[in-house]
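Subject: The structure to look at

Hi there,

Here is the structure I promised to hand over. Please open it beside this email, and take your time with it.

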Amino acid sequence: MSAEATNPATPGPVAGPVTPAVPRRKARARIDLRRLGRAALLGPASRGRLPDAIGHVVDAHRAHHSDADLEPLRRAYVLAESSHRGQMRKSGEPYITHPLAVTLILAELGAETTTLTASLLHDTVEDTDVTLDQVGEQFGAEVRFLVDGVTKLEKVDYGAAAEPETFRKMLVATGNDVRVMSIKLADRLHNMRTLGVMRPEKQARIAKVTRDVLIPLAERLGVQALKTELEDLVFAILHPEEYKHTRELIVGNVARADDPLAEMADEMRKVLREAGIQAEVLIRPRHFVSVHRVSRKRGRMRGSDFGRLLVLVSEDADCYGVLGELHTCMTPVVSEFKDFIAVPKFNLYQSLHTAVARADGQVAEVLIRTHQMHKVAEAGVVALGNPYAHPSEEQAASSDGERADPTRPGWLSRLLDWQEAAPDPDTFWSTLREDLAQDREITVYRPDGGALGLPEGATCVDAAYAQYGEDAHACIGARVNGRLATLSTVLRDGDTVQLLMGQDPASEPSREWLEHAHTPAARIAIQRWLTTHPQQGDAAEEPVTQFRSSAEESGSPPADADVPAVRLAVEGPLGRPAASVLVDRPGATVRLAGCCTPVPPDEVTGFTVRGGVVTVHRIECAAVARMKSAGRAEVDVRWGDTTECRVTLVAESFVRPHLLADLTEAMAMEGAEIVSATVEPPTQQRVRHTYTVQLPDAALLPGLMRAMRNVAGVYDVTRAQPQTQGA
């Protein structure tokens, strides 16, 4: 029985001296849930067919759903009241006041009728003689499913002693229908509001569980109205001195003679009115925890730090119109701009964030959103109504007990995926707690314009598994913002990530990736593979051995760490000219310099070396400048009519089996004859190849380089750079 409460009619965060009432501005944009703790008292009179006790619930429900069928609510209340009759809360109040208060919270958030019906009945199966079958017979499969889910949640111990498998099953049930957790969060909020009757140590225990598990879940489900009040309640219990100081700051700000936020709101209304944009500008006071964070960050609090300005419009396009006007007519703080409309957050949140400054140093943060966006920002998944009823009538559970929910937040969808992949309950539990501890998310972009939501601190390893699932085992590297990056690279908000994937089905992850994986999807997928392939996982840590096998398969000598380089004995036809070069010295022997490997149409120059040989260099070669400074005379050289050429190319790649064979095959397909090749020993899963090739036509060079880059695992191909040694 959820009877851990005191007088439900007591307003305020927590009944007791630690949470005295604080004056609040009347223009409060967020849904005010504090007053909802006043549960409706039972009365003998009835209004039509509806008992007086659920009058507040009905009024709140009709505000969001004017055409709702109220008959299920009436029948649910009658069953709940008769079942709980005689049961009392620890405060001495009738127990029915608790489900009424929980249902009122959900009704104010905009929950649909099915959720409210289940909320009224959420304790009946656990605490009374009512059975699930009875609930199903009287109210249907949907309500039965929700009541069953909430009943299972009540049996879970959220503390350190919680059994991982129990918690796992509980969250899977939540994933099957997000409304289960919505009811649970409202249930916890009402109990947290009324903890004054509990012993301080029990208050602290419940507050810690709420902080560690339920608040992060509320954040991920987007139910900000519940999450922020739960944060304040936990703050008051676990940090009473800091809470007291924060309250004093808020009271002091309310007593100010001037209000910079009100003045800036008036100026903003004038700007938008003159621009012809219909908008509502409201002051949104910060809650206690938010004020505390700002005060710790900035020290001395400014008047504008105690709240934000909220601009509500009708259409998405109006949001950007408001942004343009504010940035044009007021002084914007550009670094504060964020667009969560184009790229919504993982918990459905959409809004434009910016800030404007006054000459006196006051800076106001501004949130711009539509009325619908605001509803979702406050109520999250509760604002979705019944996501399982579209496009057909409400769906019953599928044969495997899971339901498809196209509107479910991405985090909850991923939960169902990686909980199945977790090799054991302990791994699931530890990974889940780590994931819940992540309270910030970044967005990175794919080259095709798609976006990936990742926790702050995520790496390229996490991005790979977020995009490809277990196929990410074949990831061989990444480019971040166009530049080559290791898989351990930590990503930042707004980065563009191109993941380089191998094509070998036998590709395997490295155990080292676990050190760089932060998301559950990545960690569980890697651990699962390593658990089922222990020998292969060990081999993945030895890239030199892996590369040797690929070299052997290609018929080439293996690369050995003790040898500085391996020269492959592949020579082209002897005496064959590298290219046609004309020189104004009859009978002179011409040789293309190996340091810069010039080819037509490179600009070239020549120098005479021993034996009268003229070496041809690219003009930007470092050897040219050195020989000029030494006093050597240049020789006039130019390309002839023959287009055949010899060039040295450097290919950089990640280690993978068959790489060398695939690369040389691609070169042969482009008509290149390999004169010589050098393969350096692999380091950090990378390898460098140097090829001197003969081409029948210099015009084939760009196509050859493209073909080499297209080989899986090759991330760059360049011409050999000019060396410091001369010919």
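How many bridges join strand E21 (residues 645–654) to E23? Ten bridges join them, and the two strands run antiparallel.

Before going further, a word about where this comes from. This is a predicted model, in which local features need pLDDT of at least 70 and side-chain atom pairs count only at pLDDT 80 or more, while totals for chains, interfaces and linings use all residues. Residues are numbered from 1 along each chain as its sequence is written, and side-chain values use heavy atoms, with hydrogens and water left out.

**The whole chain**

The protein chain has 25 helices and 24 strands. Helices (H or I, at least four residues) and strands (E, at least two) are DSSP runs, numbered from the N terminus. Of its 727 residues, 54% count as buried. Buried means under 20% relative accessible area, exposed means over 50%, and partly exposed lies in between (1.4 Å probe, protein chains only). The chain exposes about 32300 Å², and carbon and sulfur atoms supply 49% of that area. Accessible areas come from the Shrake-Rupley method with a 1.4 Å probe; for residues, only the protein chains shown count as cover.

Contacts (heavy atoms within 4.5 Å) tell you about the fold too. Among those between residues at least 6 apart in sequence, 71% join residues at least 24 apart.

**The strands around E23**

Back to the strands from my question. Two strands pair if DSSP finds at least two bridges between them. Within the E21 and E23 pair, Ala651 has His689 as its bridge partner, and Val650 has Thr690. Strand E23 (residues 686–695) also pairs with strand E22 (residues 673–679), through six bridges and again antiparallel. There, Ser676 is partnered by Thr692.

E21 has another antiparallel link, to strand E24 (residues 714–719), with five bridges. In that link Ser653 stands opposite Val714.

Why is E23 described as largely enclosed by the rest of the structure? It is because seven of its ten residues are buried. E21 is mostly covered as well, with eight of its ten residues buried.

**An open sheet**

Another place to visit is an open sheet of four strands in the order E16-E18-E17-E19, with mixed pairing. Strand E16 (590–592) and strand E19 (634–635) stand at the edges with a single partner strand each, so one side of each has no neighbour in the sheet. Strand E17 (residues 604–608) and strand E18 (residues 614–618) pair in the antiparallel sense over five bridges. Val604 stands opposite Arg618 in E18.

**The core and a buried histidine**

In soluble globular proteins, nonpolar side chains tend to be buried together. In this model, the largest nonpolar core has 64 residues, and Leu109, Leu121 and Met192 have the most contacts inside it. Helix H9 (residues 178–193) supplies the largest share of this core, eight residues. A nonpolar core is a set of buried Ala, Val, Leu, Ile, Met, Phe, Trp, Tyr and Cys residues joined through side-chain atoms within 4.5 Å.

His61 sits in helix H1 (residues 55–64). Is His61 buried or exposed? His61 counts as buried because its relative accessibility is 0%. Its side chain makes a polar contact with the side chain of Thr113, at 2.8 Å. A polar contact is a pair of N or O atoms within 3.5 Å; within protein, one must be able to donate a hydrogen and the other to accept it, and residues adjacent in sequence count only if both atoms are side-chain atoms. Leaving aside neighbours within four places in sequence, the residues in contact with His61 include Ala68, Leu70, Ala107 and Leu116.

**Aromatic rings**

The structure holds four aromatic pairs. One of them is Phe235 with Tyr243, edge-to-face at 5.9 Å centre to centre and 70° between the planes. Phe235 counts as buried at 6% relative accessibility, and Tyr243 is buried at 2%. Tyr465 and Trp513 also pair edge-to-face, at 6.4 Å and 75°. That pair links distant parts of the chain, 48 residues apart. Rings of Phe, Tyr and Trp (its six-membered ring) pair if their centres lie within 6.5 Å; planes under 30 degrees apart count as stacked, over 60 as edge-to-face and the rest as tilted.

Enjoy exploring!
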